[in-house]
Every structure is written in C-alpha cells, then in structure tokens.
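Here is a short briefing on one protein model. It covers pockets, charged pairs and a single glutamine.

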Amino acid sequence: MYYTYILRCGDGSLYTGIAADIGKRMAEHFGKTPRCAKYTRSRSAEKLEAVWESPDRSAASRLEYRIKRLDRSKKQQLILSNDLSVIRELDTAAYRRAPEEAVEKWRWEGGKA
C-alpha cells in the first residue's frame, strides 16, 4: 500500500507527496532529516492535513500529480471535503481516505507527535 498526503507548511503553503511508510516519511518531514524534501525543510512542515491510501506506487503517483495541478482553493476544498471528484480524469475507485484514527497516529502539529 502507498499513501498520498498533503502537508501544511509554516508559510501556509501546501505540500503534496507520496510514501510507502507514512509514519517514517512524516518523521523525516517534521524532523527536517537529510531525507526530508527541500520544500518542507525550508518552509517547515507543520501539519498533516490529509492522507489517501492507494493500492500501489503508480496509483499514488497519479493522485499526487493530479493534486499538484490543482489551484490552492481546490486543494483546500479537497482537504475539507475529501471529495476526489474535484480532480478530473481520475478513477477515484482506486483511492480511499485513510481512516482518521490511523491519520491521528501520523499527525504532527508544530513538529510534535
């Protein structure tokens, strides 16, 4: 299983990425480790906003690509509603929002687990 996620950064921007091990990836982003994305290292990842599960890396990458092409208002709408229909040309049957109880264990706010 792979995950596509959206992080909110200290400057208010949104970062979208994929990971096979979401817990490890969040530790990298929030801990600003050498494996952290340059984007989140310079803008300080602050909060995990949303996570979707995908059956494989290819599906996760397709969703990431589509989310990155959305404008900010559509990304905000996606975070709040979990309605993947805002993403055109995507077979939404392959994705599901990660259960909230699972997301909570990965959610960091202000760099604290």
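The points below go through the pockets, then the salt bridges, then one residue in its surroundings.

The model is predicted. Its largest pocket has a volume of about 210 Å³, and the second largest has about 150 Å³. A search of the whole structure finds six salt bridges.

**Largest pocket**

- The volume of the largest pocket is about 210 Å³.
- Its lining includes Arg-66, Arg-69, Leu-70 and Lys-74. Val-86, Ile-87, Arg-88 and Glu-89 also line the largest pocket.
- By class, five lining residues of the largest pocket are charged and three are nonpolar. There are no polar residues in that lining.

**Second largest pocket**

- The second largest pocket has a volume of about 150 Å³.
- Tyr-2, Ile-18, Ala-19, Ala-20 and Asp-21 are among the residues that line the second largest pocket. Lys-24, Arg-25, Glu-28, Arg-35 and Arg-57 line it too.
- Two elements each give two or more residues to this lining: strand S2 (14–19) and helix H1 (22–31).
- Helix H1 supplies the largest share, three residues.
- Six residues of the second lining are charged, four are nonpolar and none is polar.

**Salt bridge within helix H1**

- Side chains of opposite charge can pair when their charged atoms come close.
- Arg-25 forms a salt bridge with Glu-28, with the closest N and O atoms 2.8 Å apart.
- Both residues, Arg-25 and Glu-28, sit in helix H1, three residues apart, which is about one turn of the helix.
- Arg-25 and Glu-28 are both buried.
- The pair belongs to a network of salt bridges that links Arg-25, Glu-28 and Arg-35. Arg-25, Glu-28 and Arg-35 also appear in the lining of the second largest pocket.

**Salt bridge between strands S3 and S4**

- Glu-53 pairs with Arg-96 in a salt bridge, and the closest N and O atoms are 2.7 Å apart.
- This pair links distant parts of the chain, 43 residues apart. Glu-53 is in strand S3 (residues 45–54), and Arg-96 is in strand S4 (residues 96–97).
- Is Glu-53 buried or exposed? Glu-53 counts as buried because its relative accessibility is 9%, and buried means under 20%.
- Arg-96 has a relative accessible area of 47%, so Arg-96 is partly exposed.

**Salt bridge within helix H3**

- Lys-68 forms a salt bridge with Glu-64, the closest N and O atoms lying 3.2 Å apart.
- Lys-68 and Glu-64 both belong to helix H3 (residues 57–68). They are four residues apart, about one turn of the helix.
- At 44% relative accessibility, Lys-68 counts as partly exposed.
- Glu-64 has a relative accessible area of 16%, so Glu-64 is buried.

**Gln-76 and its surroundings**

- Gln-76 lies in helix H4 (residues 72–81).
- Gln-76 is partly exposed, because its relative accessible area is 23%.
- Which residues does Gln-76 contact, leaving aside its neighbours within four places in sequence? Gln-76 is in contact with Arg-8 and Leu-14.
- Gln-76 and Arg-107 are 31 residues apart along the chain, and their C-alpha atoms are separated by 17 Å.

Note on methods
Residues are numbered from 1 along each chain as its sequence is written. This is a predicted model: local features need pLDDT of at least 70, side-chain atom pairs count only at pLDDT 80 or more; totals for chains, interfaces and linings use all residues. Side-chain values use heavy atoms; hydrogens and water are left out. On a 1 Å grid over the protein atoms alone, a cavity is a set of points where a 1.4 Å probe fits but cannot get out, and a pocket is an open set with protein on both sides within 12 Å along at least five of seven lines; lining residues have an atom within 4 Å of a point. Grid points are joined across faces, edges and corners, and a volume is the space filled by probe spheres set on the points. Ala, Val, Leu, Ile, Met, Phe, Trp, Tyr, Cys and Pro count as nonpolar, Asp, Glu, Lys and Arg as charged, and the others, Gly among them, as polar. A salt bridge is a side-chain nitrogen of Lys or Arg within 4 Å of a carboxyl oxygen of Asp or Glu. Buried means under 20% relative accessible area, exposed over 50%, partly exposed in between (1.4 Å probe, protein chains only). Contact means heavy atoms within 4.5 Å.
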